[in-house]
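Load the model and keep the sequence beside it. We will go from the whole fold down to single residues.

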Amino acid sequence: MKILEKYDLTNKVSIVTGAAAGLGKAMAEALAQAGSHIVIADIDIEKAQATAKQLSDQEGIDTLAIQTDVTEETQVQQMVDQVLDRFGSIDVLINNAGIVLNEKAEDTSFADWQKVININLNGVFIVSQIVGRQMIAQQRGSIINISSMSGLVVNTPQCQASYNASKAGVIMLTKSLAMEWARHNIRVNTIAPGYMKTELTKKFFDQGGMTDTWMEMTPMGRPGNPEELGGIALYLASEASSFATGSVFTIDGGYTAL
Ligand SMILES: NC(=O)c1ccc[n+]([C@@H]2O[C@H](COP(=O)([O-])OP(=O)(O)OC[C@H]3O[C@@H](n4cnc5c(N)ncnc54)[C@H](O)[C@@H]3O)[C@@H](O)[C@H]2O)c1
C-alpha cells in the first residue's frame, strides 16, 4: 500500500467526544476529510447537531450527534449502542472532552477538584472502557486521548493543579490501555497539545497579560490553531501509525522543548 493510501479512512466510523467545538471539531473535520463517518458525543447537543450538519454537508460523510456526558456510564453505553445500531462497528475513538479550572491549590474546593478529574480523567476511562469492549470484540481499533502539555510540565503563571493532575493521569491511562489491549490489535495513543486558541483559552487571549507569558515561553511565539491538530489526529486514527501505541505526541510550538 502506498503511503498516502494508508491515511484513507473511507467508510470508517469515528467517535469524537466534545467535538461540538474547538479541538474536537477540528480533529473530527480532519477525519471526515479522509472519508470517516463521524459521531459527535457532546454534552451540548445544539452545537453538536450544528457541527454534525456542517461536516456532513461539507464532506459528504454520515454524521450522528448524540447528547452524551462522558462522566455518565449509562449515557455513554446508550451512545455506543446507538452508534452500533447505525454503523455496526467503531474504528476510532478520540477522547477529547475536557475542562479547565484555574484556582490556587489552597483555594480549590474538593467539589471543583472532583469535577475536573471526573470529566478529564474518569470520562476518558469510562468511554474507553465501553468502546474498548466493542473494539476487543472486533479485534481492531485506534483510541486517541487528548491530554495536554500540562500533563508533562506545570504551566505558569496560572494555577491549575486539578487540570495538570488529570492530564498526567490521561497519559498513564493511555500507556496502561496500550499495554493491555495491544494483543487485541487496539492502539492507544495520546496527543499533548500546547496553547491552542479555542473557547477554552479564548477568554485568556482576550484579556492579554497572562497570555504574553504563555507566548514568551512558546518558542514559536504564537498559539496553535485547532486545525493544526488535524494531521496528528489523522495519522493516529489511520493505518499510517500502525506501529505506534502507548506514545505521547506533543504538538506545542516547542513549549516542552525548553
Ligand atoms: N485549548 C487548548 O489550549 C488546549 C491545550 C491542551 C489540551 N486541550 C484539551 O483539548 C480538549 C478540547 O479542548 P478545547 O480547547 O477544544 O475545549 P472547548 O471548551 O472549546 O470544547 C470542549 C468541548 O467539550 C464538551 N464537553 C464539556 N464537558 C463535557 C462532558 N462532560 N461530556 C461531553 N462533552 C463535554 C463541550 O461542550 C465542548 O464542546 C480538552 O480535553 C482540553 O483539555 C486544550
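What follows moves from overall dimensions to two paired strands, then to a few helix residues and some unusual backbone angles.

This is a predicted model. Start with the inventory: the protein contains eight helices and seven strands. Its C-alpha trace spans about 50 × 40 × 35 Å along the principal axes. How does the radius of gyration compare with that of a compact globule? A compact globule of 258 residues would have a value near 18 Å, and the protein has 17 Å, so the two agree.

Burial comes next. Of the 258 residues, 51% are buried. The exposed surface comes to about 11,700 Å². Carbon and sulfur atoms supply 52% of that surface. The contacts reach far along the chain. Take those between residues at least 6 apart in sequence: 74% of them join residues at least 24 apart. Charge is the last global item. The protein carries 19 positive and 28 negative side chains. The centres of these two sets lie 5 Å apart.

Now turn to the strands. Strand β1 covers residues 13–17, and five of its five residues are buried, so the rest of the structure largely encloses it. Which residues point which way from β1? Val13, Ile15 and Thr17 point one way, while Ser14 and Val16 point the other way. All of them are buried, on either side.

The partner is strand β2, residues 37–42. The two strands run parallel and are joined by five bridges. Two opposite pairs help to fix the register. Val13 stands opposite His37, and Ser14 stands opposite Ile38. Strand β2 is also largely enclosed by the rest of the structure, because six of its six residues are buried. His37, Val39 and Ala41 point one way from β2. Ile38, Ile40 and Asp42 point the other way. Every one of these is buried, the charged-type residue Asp42 and His37 included.

From the strands, step to the helices. Helix α2 runs over residues 45–59 and holds Thr51. Is Thr51 buried or exposed? Its relative accessible area is 4%, so Thr51 is buried. Leave out neighbours within four places in sequence, and Thr51 is in contact with Ala19, Ala20, Lys25 and Ile40. One of these contacts, Ile40, ties Thr51 back to strand β2, where Ile40 belongs to the set that points the same way as Ile38 and Asp42.

Helix α4 spans residues 110–138 and includes Val131. Val131 has 0% relative accessibility, which means that it counts as buried. What does Val131 touch beyond residues up to four places away in sequence? The residues are Ile15, Val80, Ile90 and Leu93. Ile15 has appeared before: it is one of the buried residues of β1, pointing the way that Val13 and Thr17 point. For a longer span, take Val131 and Gly230. They are 99 residues apart along the chain, and their C-alpha atoms are separated by 22 Å.

Phe125 is also in helix α4. Its surroundings leave it partly exposed, with a relative accessible area of 39%. That contrasts with Val131 in this helix, which is buried at 0%. The C-alpha atoms of Phe125 and Lys197 are separated by 26 Å, and the two residues are 72 apart along the chain.

Finish with the backbone. Most residues other than glycine have a negative phi, and most peptide bonds are trans. Three places depart from this pattern. Asn11 is not a glycine, yet its phi is positive, about 65°. Asn11 lies in the segment before β1. With 56% relative accessibility, Asn11 counts as exposed, whereas the residues of β1 are buried.

Gln139 is another non-glycine residue with a positive phi, about 60°. Its place is the loop between α4 and β5. At 37% relative accessibility, Gln139 counts as partly exposed.

Which residues does a cis peptide bond join? They are Thr156 and Pro157, with omega at about 5°. Pro157 sits in the loop between β5, residues 141–146, and α5, residues 161–181.

Conventions
Residues are numbered from 1 along each chain as its sequence is written. This is a predicted model: local features need pLDDT of at least 70, side-chain atom pairs count only at pLDDT 80 or more; totals for chains, interfaces and linings use all residues. Side-chain values use heavy atoms; hydrogens and water are left out. Helices (H or I, at least four residues) and strands (E, at least two) are DSSP runs, numbered from the N terminus. The radius of gyration is taken over C-alpha atoms; the globule rule is 2.2 Å times the number of residues to the power 0.38. Buried means under 20% relative accessible area, exposed over 50%, partly exposed in between (1.4 Å probe, protein chains only). Contact means heavy atoms within 4.5 Å. Accessible areas come from the Shrake-Rupley method with a 1.4 Å probe; for residues, only the protein chains shown count as cover. The place of a charge is taken as NZ of Lys, CZ of Arg, CG of Asp or CD of Glu. Two strands pair if DSSP finds at least two bridges between them.
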